[in-house]
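Please look over the sequence and the model shown here before reading on. The paragraphs that follow go from the whole chain to a few chosen places in it.

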Amino acid sequence: MRLVTLKNTMVAAILSVFLACCVFSDAIYAETNQEVSEQLESLRIQVQNNAAVVPAQIDYFQTYFSSNNDPYNESTFLNVWAYAHLLNQELETAYEKLLQARTIADMSNNKAQKAESYRIEGAVLDTIGEYGLALEALNNAFILYDRLQSSKVLGVYSSLSNVYSSLENYQGMLQNSYKLLAAAQKFNDQTYQGLAYYRIAFSQTKLEKFIDAEVNYALAEKTLTQIDYPFIGIIYYSI
């Protein structure tokens, strides 16, 4: 698969360009621009919601990072950009951007964005049917986020459930969804608690545990309704 073989050549090319053109000090690596960081988080949410302003915002940040030496935040931007391409099914471009993000994250010691690049890679590989490699990438993301004690590990659990679903491994999906539920409760994240209940119920339905599934669909509905989850219709359709 072209996307998979692209990885090594992309990493080498990106690294050589950046080493040739840029010398970053440890102090620069450690610095972050809080305002830019907040704007990028806003962009990530806009990408997730398919907001009309996304193309203009991406153009803005392309210009910003071409003029400002801020590799720590640039790795965040490249991951958000990769995510946007993933949602648009532009998978090769998504893969290129996440590899760029990982290279710059390594150079700027941005461990969270290195982890995020693996999470997005897992999603891309899942989409193209490279399930073994997807699980490997998501395991790398999990290890890094877990070391950081980051709530972003919830997104990794969610992506793992998607891979198990693609594999029709519903027992694996069920076990992973219970882990997601426990982690969501630990981080007090109601959205992921609701999604965990939904995935538990979905797995139980596939495993013909219909009574248990009905209980967990109801818990998913109750939990997600409380926070006005925008895609609650999926839950209603499943019940």
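A residue is called buried when its relative accessible area is under 20%, and exposed when that area is over 50%, with partly exposed in between. At 1% relative accessibility, phenylalanine 61 therefore counts as buried, and tyrosine 64, with a relative accessible area of 16%, is buried as well. These values, like the others below, come from a predicted model.

Seen as a whole, the chain has 13 helices and zero strands, and of its 239 residues 44% count as buried. Among the contacts with a separation of 6 or more, 60% are between residues 24 or more positions apart. The accessible surface of the chain comes to about 12,400 Å², and carbon and sulfur atoms hold 51% of that surface.

The aromatic residues offer a way into the interior. How many aromatic pairs does a search of the whole structure find? The search finds twelve, one of which joins phenylalanine 61 to tyrosine 64 in an edge-to-face arrangement, 6.5 Å centre to centre and with 80° between the planes. Both residues lie in helix α4 (residues 54-67), three residues apart, which is about one turn of the helix. An α-helix has 3.6 residues a turn, so residues three or four places apart point the same way. Ring pairs also link phenylalanine 61 and tyrosine 64 with Tyr60, Phe65, Phe77 and Trp81 into a cluster.

A further pair can be followed later in the chain, again between residues that are buried, namely tyrosine 198 and tyrosine 217. Their ring centres are 5.9 Å apart and their planes stand at 55°, so this pair is tilted. Because tyrosine 198 lies in helix α11 (residues 190-206) and tyrosine 217 in helix α12 (residues 210-226), the pair ties together parts that are 19 residues apart in sequence.

Two other tyrosines have an arginine over the face of the ring. Arginine 102 lies over the face of tyrosine 118, at 3.7 Å from the ring centre, while arginine 119 lies over the face of tyrosine 83, at 6.0 Å from the ring centre.

Helix α10 (residues 170-186) can be checked for its length: at 1.5 Å a residue its 17 residues should span 24 Å, and its end C-alpha atoms are indeed 24 Å apart, which agrees. Several of its residues are buried, including Tyr170, Met173, Leu174, Leu180 and Leu181. Against which helices do the buried residues of α10 pack? They pack against α9 (153-166) and α11. After α10 comes asparagine 188, whose phi is positive, near 55°.

Positive phi values appear in two further loops. Asparagine 109, in the loop between α6 (91-108) and α7, has a phi near 60°, a positive value in a residue other than glycine. Lysine 111 lies in helix α7 (residues 111-127) and is partly exposed, with a relative accessible area of 48%. Although lysine 111 and tyrosine 72 are 39 residues apart in sequence, they are 9.7 Å apart in space, C-alpha to C-alpha. Towards the end of the path described here, aspartate 228 lies in the loop between α12 and α13 (232-238), and its phi is near 55°, again positive in a residue other than glycine. Is aspartate 228 buried or exposed? At 67% relative accessibility, aspartate 228 counts as exposed.

How values were computed
Residues numbered from 1 in each chain as written. Predicted model: local features only at pLDDT ≥ 70, side-chain atom pairs only at ≥ 80, totals over all residues. Heavy atoms only, no water. Helix = DSSP H or I, 4+ residues; strand = E, 2+ residues; numbered from the N terminus. Buried < 20%, exposed > 50% of the residue type's maximum accessible area, 1.4 Å probe, protein only. Contact = heavy atoms within 4.5 Å. Areas by Shrake-Rupley, 256 points an atom, 1.4 Å probe, with all protein chains shown as cover. Phe/Tyr/Trp six-rings, centres within 6.5 Å; stacked < 30°, edge-to-face > 60°. Lys NZ or Arg CZ within 6 Å of the ring centre and 35° of its normal. Expected span 1.5 Å × (residues − 1).
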